[in-house]
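Here are a couple of exercises to try with the model open in your viewer. Work through each task yourself, then check the steps below it.

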Amino acid sequence: MFLMETERLGLRLLESADIEAIMTFWGNEVVMRYCGGAGSEERELRAVLYYQNLFLQRGFSVYGVQEKSLNRIIGACGFNPGERTDEAELIYHFAEAYWGKGYATEAAKACIEHLLGVNSINRLIASVDPRNTISASILEKLGFAYEGMKWHDDLKQEEPSYVMVLKEQL
Ligand SMILES: CC(C)(COP(=O)(O)OP(=O)(O)OC[C@H]1O[C@@H](n2cnc3c(N)ncnc32)[C@H](O)[C@@H]1OP(=O)(O)O)[C@@H](O)C(=O)NCCC(=O)NCCS
């Protein structure tokens, strides 16, 4: 049932039936304050369909994260397509009740390992809101390198940008 498993977590494709659990993070203003704000149920159901198709087409996605002992998802972690076709962008969002347990780091490590098996992707990128110091420290812990500030036209702000080279190109 899970695409990836860690000691405490199971990661799988998101489903429409997860919507109630999804709204505890993507629909929550506190969780999404540095990530474009909370979404409506309608918007997040479209995201579920998008991520199901992304997995079928590209072999990677943003996944639902379950605590193995719980039968519901507590967060999402995985990849959006990057600007370059050989690039993916790491994201992670967890319901507030599950912060501070090392889950984001544990889930991201499993996702990165899984991505190593996707031939088309050579580079991982990530950006964080300058106020989101927890997220920046997770990226550094995972082995991302700080690349400099990058302008985000949709957000109208500069954000620290991070990169991890998965496969060196010849
Ligand atoms: C960012 C986020 C995913 C972190 O999740 P998490 O599971 O708590 O992260 P981890 O526990 O793996 O690691 C976070 C680090 O910050 C620390 N930390 C976590 N929550 C903290 C808090 N509220 N205050 C202080 N430190 C905190 C942890 O102790 C850990 O540090 P350590 O490895 O030195 O012990 C979570 O806070 C979240 O969903 N935030 C909202 C969404 C978001 O900002 N996503 C990132 C942008 S895409």
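**Exercise 1.** Find the bridge partner of Cys-77 in β5, then work out how β4 is paired and covered.

*Solution.* Keep in mind that this is a predicted model.

Step 1: start at Cys-77, whose bridge partner in β5 is Tyr-92.

Step 2: look at the strands themselves. β4 (residues 73-81) and β5 (residues 87-94) run antiparallel and are joined by 7 bridges. Between them sit 5 residues, and the two strands form a hairpin.

Step 3: go to β3 (residues 62-67), where Tyr-63 stands opposite Cys-77. β3 and β4 are also antiparallel, with 5 bridges, and a hairpin of 5 residues connects them.

Step 4: check the cover. Of the 9 residues in β4, 8 are buried, meaning under 20% relative accessible area.

**Exercise 2.** Which polar atoms lie close to oxygen atoms of the ligand, and which elements build the shell around the ligand?

*Solution.* Step 1: take the backbone. A polar backbone atom of Phe-94 is 2.8 Å from a ligand oxygen, and for a backbone N or O atom of Tyr-103 the distance is 3.4 Å.

Step 2: turn to side chains. Lys-141 places a polar side-chain atom 2.3 Å from an oxygen of the ligand.

Step 3: look at the cover. On its own the ligand has 920 Å² of accessible area, and the protein covers 69% of that.

Step 4: sort the shell by element. β5, α3 (103-115) and α4 (133-142) each give two or more residues, and α4 gives the most, with 4.

Step 5: sort the 17 surrounding residues by type: 9 are nonpolar, 6 polar and 2 charged.

Notes:
Residues numbered from 1 in each chain as written. Predicted model: local features only at pLDDT ≥ 70, side-chain atom pairs only at ≥ 80, totals over all residues. Heavy atoms only, no water. Buried < 20%, exposed > 50% of the residue type's maximum accessible area, 1.4 Å probe, protein only. Pairing = 2+ DSSP bridges. Near = heavy atom within 4 Å. Polar contact = N/O pair within 3.5 Å; in protein donor to acceptor, adjacent residues only side chain to side chain. Areas by Shrake-Rupley, 256 points an atom, 1.4 Å probe, with all protein chains shown as cover. Nonpolar A, V, L, I, M, F, W, Y, C, P; charged D, E, K, R; others polar.
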